[in-house]
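Q: I should like a close look at one part of this structure, followed by its surroundings. Please explain it for a reader who has not seen it before.
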2 protein chains.
Amino acid sequence: MAYPPSPLALPLPEMPAIAGVEIASVAAGIRYKGREDMTVFRFAPGTAVAGVFTRNKCPGAPVDWCRAALANGKARALVVNAGNSNVFTGRAGRETCERTAKDAAALIGCKPREVFIASTGVIGERLPTDTLLAALPRAVESLAADAWPAAARAIMTTDTFPKGATRTARIGDSTVTLCGIAKGSGMIAPDMATMLSFIATDAKIPAPVLQGLLKKGCDASFNCVTVDSDTSTSDTVLLFATGQARHPRVPAEGAATMLKDFRRALGEVLHDLALMVARDGEGAQKLITVNVTGAVSARSAHRIAMCIANSPLVKTAIAGEDANWGRIVMAVGKAGEPADRDLLSVAVGGTWMAREGGVIPGYDETPVVAHMKGREVEITVDIGLGRGRATVWTCDLTHGYIDINGSYRS
Amino acid sequence: MAYPPSPLALPLPEMPAIAGVEIASVAAGIRYKGREDMTVFRFAPGTAVAGVFTRNKCPGAPVDWCRAALANGKARALVVNAGNSNVFTGRAGRETCERTAKDAAALIGCKPREVFIASTGVIGERLPTDTLLAALPRAVESLAADAWPAAARAIMTTDTFPKGATRTARIGDSTVTLCGIAKGSGMIAPDMATMLSFIATDAKIPAPVLQGLLKKGCDASFNCVTVDSDTSTSDTVLLFATGQARHPRVPAEGAATMLKDFRRALGEVLHDLALMVARDGEGAQKLITVNVTGAVSARSAHRIAMCIANSPLVKTAIAGEDANWGRIVMAVGKAGEPADRDLLSVAVGGTWMAREGGVIPGYDETPVVAHMKGREVEITVDIGLGRGRATVWTCDLTHGYIDINGSYRS
């Protein structure tokens, strides 16, 4: 399962320690040999938490666990493993979560419900719970503040590069820091938070406010990315605010102005991470940006953009470096959203190829051909009906996707 | 663009002449060299017609033409070309249809609105109308009653084998015959009639009755097939009834009992043709049957089955001969239909692998492994909630699909 790094990979940035966050990654041996596959986060007392999860109707046991734990809005620990997603594992899966939370709580000194759990990997196989739990004490002993890079690597499955992002933001006269990591490469789908991402900040923000910020931030980032239209059963984004920074108190309501810069920074971290997931799409050779303008609403524009981004025929054409705008039109039409064939315009790489329902006679193909050979391809479709706009990101569909997914379990 | 025949190909059956139907296929040279690419059908006066078309919101000019022509319920001719779909071609595309109908009507001696038109091939390029029209007289001169096989070949694009089916049916004490052909291999999607199919019968059935029969027949056949979830802009199924057979008069209403056997025969022809499209799915190595039982309704079962059949991860797993039932569960969950993870059961090739939300401990993998190596794979999912059931068909997702679609226009 070791594939060469995506040609679209980005280097991991310098990730500073966040006051109130300690991290450790260890080799538990759950599935992979010779690599770290389990990560534990310890958070300072008073840490608030927000979460966004898969909308798949068959979620994994860890997602059920986190949803229930989130009701308290407080977190002291996070236990993540890669290699087995603990999905469709019935009672055994629930017991794994209960035992993990109990053991971690005992080691850290908190309540089981303050322990969050995420698992990623094969679906439908029982997670070897004893193996996981045996590694927990080792992990807790080696907790350290500056261990983000190792964690970004330990949560990977078919990912070919570790994904991290960091920003600072001003709250009042104080500076707070955000760090986030993500994993995800296949089973990446629209309309939900995608695979695993964990973000931490030293800001002190009440859990309900944090939840609102995370929800909005995910809608504009992870929910705008698709690799293969398949919605994972384990998608989880968690945002932890340790409250260790000194800044004016953030009220439970009316915090909009005060958190303007924090919202900007969080949005940028989520955007960075989401695009890294698209860049690491299974088999990806090209990052594709799909802009839709002129739709009847933003929601309609988003649906059309996702329909283009999920079309196997559009994605294989781009893999073949063919600016096949006819397939783009087909994808607009199959979305089922309001559209009038005779008002559509299509541009690739900024060059308009078709306007108001027909090819532009004698348009210059040269810049389009050059654009298609690059690593980043931009498609813009103007629907010509209204003012709704949206942008989503995806990758091309290549032989690599077939290679990876035809042999994932073997 | 010449790919080897699908390993799932079926031989073309013996196709008898239908009284009142003459057919000719010629090499018009629209796009392909050295093969027949245009087919003309002439129907006897009094032929009734029914049609089902794409639900894509950006349909091709020929679909618009046929929808309008269908209002009369009468047909005297059908002109089909392969290589250019005349889609997204604006005013020029409409003019092509008008000129084609006018010329064909003059040659055959009917009204332009009694001429039906279908085009398949590249989207967004102007159809060379003069080239098409120049070949029309030649085609009309060579019309013959027994020319179904040549027509089945002339309408192919990325198809690797010609598709035809035939049945007889009893109406009263008389026997009528049905013949049908289809083309389709990629851009094959749910919830509509798929690509081009033309069926003719010598039965005498009023157009509104014929339309009802075709609509129901398509829902149970073409609308249950998907190759890649992409909905073509040209999908057209036309059913012509020449009325040349002698049988008791079919009333405009209350024909249900009288047409019971005809409905059966039509259903079988449509089913045969639809499955041939799945068998010729671009890059297909395996034909996949997806059965869903126990859903809250038939509609819900159909949606879940289509979601499984369209999942790239399910389809690549099957290409890799991996009975990855975890991905099947994922696809059930992403459908958004009522489902309870802990009630789901999954069987592959008749062997139950998971029951009520968990793997069956110690189930015998041997027959599953053997089944996965075959050309036909059957998946059954029981939702465990109700009595809704559905079956759909698709093919696996292989390197062949990427090869074909990364280079279609080059």
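How many bridges join strand β12 of chain B to β13(B), and do the two run parallel or antiparallel?

A: Strand β12 of chain B, residues 351-355, is joined to β13(B) by two bridges, and the two strands run antiparallel. Two bridges are also the minimum for pairing (strands pair if DSSP finds at least two bridges between them). Strands and helices here are DSSP runs, numbered from the N terminus (E, at least two residues, for strands; H or I, at least four, for helices). Within this pair, B:Ala354 of chain B has B:Val359 of β13(B) opposite.

The model is predicted: local features need pLDDT of at least 70 and side-chain atom pairs count only at pLDDT 80 or more, while totals for chains, interfaces and linings use all residues. Residues are numbered from 1 along each chain as its sequence is written, with chains lettered from A and ligands numbered from 1 in the order in which they are written.

The pair belongs to an open sheet of six strands in chain B, ordered β13-β12-β11-β14-β10-β15, in which the pairing is mixed. At the edges stand β13 (358-359) and β15 (388-395) of chain B; each has a single partner strand, so one side of each is left without a neighbour in the sheet. Helix α7 of chain B, residues 298-310, lies across three strands of chain B, namely β10 (287-295), β14 (376-382) and β15. The direction of α7(B) makes about 25 degrees with that of β15(B). Such angles run from 0 to 180 degrees between N-to-C directions, the axes being lines fitted to C-alpha atoms (for helices, over the stretch in contact).

Chain B has a further open sheet, with four strands in the order β1-β2-β4-β5 and mixed pairing. Its edge strands are β1 (21-26) and β5 (115-122) of chain B, each of which pairs on one side only. From one strand to the next, the twist averages 10 degrees. Strand β4 of chain B, residues 77-84, runs parallel to β5(B), and eight bridges join them. One of the facing positions is B:Asn81, whose bridge partner in β5(B) is B:Ser119. Helix α2 of chain B, residues 90-108, packs on this sheet and touches β2 (38-43), β4 and β5 of chain B, at about 135 degrees to the direction of β5(B).

Helix α2(B) also packs against helix α3 of chain B, residues 129-141, at an angle of about 20 degrees and with the axes 10 Å apart. That makes α2(B) roughly parallel to α3(B) (under 35 degrees is roughly parallel, over 145 roughly antiparallel, 65 to 115 roughly perpendicular, the rest oblique). From α2(B), the contact is made by B:Thr96, B:Arg99, B:Thr100, B:Asp103, B:Ala104, B:Leu107 and B:Ile108. From α3(B), the contributors are B:Thr129, B:Leu132, B:Leu133, B:Leu136, B:Pro137 and B:Val140. Residues count as in contact when their C-beta atoms, placed from the backbone, lie within 7 Å. By class, the contact of α2(B) with α3(B) has eight nonpolar, three polar and two charged residues (Ala, Val, Leu, Ile, Met, Phe, Trp, Tyr, Cys and Pro are nonpolar; Asp, Glu, Lys and Arg charged; the others, Gly among them, polar).

A further helix pair in chain B consists of α5 (residues 207-219) and α6 (residues 260-279), whose axes come within 9 Å and cross at roughly 45 degrees. The helices α5(B) and α6(B) are therefore oblique to each other. B:Leu213, B:Gly217 and B:Cys218 of α5(B) meet B:Arg263, B:Leu266, B:Gly267 and B:Leu270 of α6(B). The contact of α5(B) with α6(B) comprises four nonpolar, two polar and one charged residues.

In chain A, helix α8 (residues 312-319) and helix α9 (residues 325-334) pack at about 160 degrees, with their axes 9 Å apart. Accordingly, α8(A) and α9(A) are roughly antiparallel to each other. A:Leu313, A:Val314 and A:Ala317 of α8(A) make the contact with A:Arg327, A:Ile328, A:Met330 and A:Ala331 of α9(A). The contact of α8(A) with α9(A) has six nonpolar residues, no polar ones and one charged.

Conventions
Two residues are in contact if their C-beta atoms, placed from the backbone, lie within 7 Å.
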